[in-house]
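I opened a new notebook page for a structure I had not looked at before. These are my entries, in the order I looked things up.

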Amino acid sequence: MQRKAIFNNKLLPYLLLAPQLAITFVFFFWPAGEAVWYSFIRQDAFGISKQFVWFENFTDLFADPLYHQVILNTVIFSVSVTVLAMGFALGLAVLADRHIRGKDGYRTLLIWPYAVAPAIAAILYIFLFHPDIGLIGRALKAAGIAWNYTLNGNQAMLVVVLAAAWKQVSYNFLFFLAGLQSIPRSVLEAAAIDGASPMHRFRTVIFPLLSPTTFFLLVINITYAFFDTFGIIDALTKGGPGNATQTLIYRAYIDGRVNLDIGSSSAQSVVLMIAVMALTLVQFRFIERKVHY
C-alpha cells in the first residue's frame with residue numbers, strides 16, 4: 001500500500017513558493033520592467049529632467065554604425081566561444097571516459113577551471129598573452145610575430161574568446177561526461193561486434209545519444225557568451241582596442257554606467273533580452289527536432 005502525504009492547509013503550497021517567487025520578482029521581473037520603462041525615457045545624467053520619447057532611443061541606437069559593429073562582435077564572439085567550449089569539452093569527455101590509469105585525477109583537474117571567477121580567468125590570460133609580461137606573448141614576440149593584443153583588434157578578440165571558452169569548458173565537460181557514462185555499454189559492444197570503427201560508433205551511436213545533452217549545453221553556452229562573459233572582457237580588454245571586443249552586454253554597461261545614458265543603455269538591454277529569447281526560441285523550435293530522447 002502506497003502512503004501519500006496530505007496537507008490540509010491549502011495555503012502551504014503558496015507559502016513554500018513565496019520565497020522563490022519573491023526572489024524572481026525582485027531580481028528579474030522588477031529590473032526587466034524598469035529597463036523596458038527607461039528605454040522609452042530620455043533623461044540627463046543626474047536624473048533631474050525626464051522626457052518620454054517613445055522609440056527614439058531604439059531608432060538612435062540602430063542608426064549608430066558603432067552599434068552595428070558591436071552586434072557583429074557579439075555574433076563572432078558568441079559563436080566562437082560556443083563552438084570552442086563545447087568542442088574541447090566533448091573531446092576531453094571522450095578521453096576521460098576511457099579506462100585509463102588515473103582517470104579520476106584527470107577528471108578532477110578538468111573540473112577546476114569552472115571554480116575560477118571570470119575576472120580571475122582574465123588575469124590568468126593576461127599573464128599568458130600580454131606582450132610584455134605574458135609567457136606566450138613574449139614567446140610570440142621572440143619568434144618574430146607582431147603580437148600585441150592591446151593594439152590589435154583581431155588578436156584581442158582571439159584572446160577574449162580563448163579565455164571565455166576555457167572558463168566554460170569544465171561546465172560542458174561535466175555534462176558530456178555524465179552523458180557518456182549514461183550510454184549503455186551493451187549498445188557500444190553491439191556496434192563493435194557489428195564491425196563499426198570507433199569513429200563510426202561515435203558518429204552513429206554515441207553522438208545521437210548525446211543529443212539531449214548537446215542541445216541543453218548549446219542553449220546554456222549561447223546564454224553564457226551573451227551575458228556571463230562581461231567580467232572577462234572588462235578585466236582583459238575593457239572592450240578595446242578601438243571597440244574591437246565590445247559586445248552587447250559590455251556596450252550596455254559602458255553607456256549606462258560610464259556615460260550615464262540610461263535611456264540608451266536600457267534600450268540596449270531590451271534588445272539584448274529580445275535577441276537571447278529569440279535565439280532560444282529558434283533553438284527549441286528547429287534544433288530540438290533533431291534531438292533523440
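First, a term I need throughout: I call a residue buried under 20% relative accessible area, exposed over 50%, and partly exposed in between, using a 1.4 Å probe and protein chains only. By that rule Leu 260 is partly exposed, because its relative accessible area is 39%.

**Ground rules.** I am working with a predicted model, where local features need pLDDT of at least 70 and side-chain atom pairs count only at pLDDT 80 or more, while totals for chains, interfaces and linings use all residues. Residues are numbered from 1 along each chain as its sequence is written, and side-chain values use heavy atoms, with hydrogens and water left out.

**Overall look.** I found 13 helices and 2 strands; these are DSSP runs numbered from the N terminus, with helices being H or I of at least four residues and strands E of at least two. The C-alpha trace spans about 75 × 75 × 30 Å along its principal axes. Of the 293 residues, 36% count as buried. The accessible surface comes to about 17800 Å², and 69% of that belongs to carbon and sulfur atoms; the areas come from the Shrake-Rupley method with a 1.4 Å probe, and for residues only the protein chains shown count as cover. I also checked contacts, meaning heavy atoms within 4.5 Å. Among those between residues at least 6 apart in sequence, 65% join residues at least 24 apart.

**Two asparagines.** Is Asn 73 buried or exposed? Asn 73 is buried, since its relative accessible area is 4%. I located Asn 73 in helix α3, residues 65-96. Its side chain reaches the backbone oxygen of Asn 243 at 3.1 Å, which I list as a polar contact: a pair of N or O atoms within 3.5 Å, where within protein one must be able to donate a hydrogen and the other to accept it, and residues adjacent in sequence count only if both atoms are side-chain atoms. Leaving out residues up to four places away in sequence, Asn 73 touches Met 157, Asn 243, Ala 244, Thr 245 and Gln 246.

Next I looked at Asn 57 in helix α2, residues 56-62. Asn 57 is buried as well, with a relative accessible area of 5%. Which backbone oxygen does the side chain of Asn 57 reach? That of Ile 41, at 3.0 Å. With residues up to four places away set aside, the residues touched by Asn 57 include Tyr 38, Phe 40, Gly 263 and Ala 267.

**The loop between α11 and α12.** Gly 240 is in this loop, and so is Pro 241. A cis peptide bond joins Gly 240 and Pro 241, with omega about -5°. Gly 240 counts as buried because its relative accessibility is 14%. Beyond four places in sequence, Gly 240 touches Ala 156 and Thr 245. Its C-alpha is 9.2 Å from that of Tyr 149, although the two residues are 91 apart along the chain.

Asn 243, the partner of Asn 73, lies in this loop too. Phi of Asn 243 is near 65°, a positive value in a residue other than glycine. Asn 243 is partly exposed, at 32% relative accessibility.

**Helix α12 and what follows.** The buried residues of α12 (248-258) include Leu 248, Tyr 250, Ile 254 and Asp 255. The buried residues of α12 pack against α3, α10 (211-228), α11 (230-236) and α13 (262-286). After α12 I came to Leu 260, in the loop between α12 and α13. Leu 260 has a positive phi of about 60° although it is not a glycine.

**Largest pocket.** How many residues line it? I noted 12, of which Val 94, Arg 98, Pro 198, Arg 201 and Ile 206 lie nearest its centre. On a 1 Å grid over the protein atoms alone, a pocket is an open set of points with protein on both sides within 12 Å along at least five of seven lines, and lining residues have an atom within 4 Å of a point. Helix α9 (198-209) and α8 (185-193) each supply at least two lining residues, and α9 gives the most, with 5.

How values were computed: 1 Å grid on protein atoms, 1.4 Å probe; cavity = no way out; pocket = protein on both sides within 12 Å on 5 of 7 lines; lining within 4 Å.
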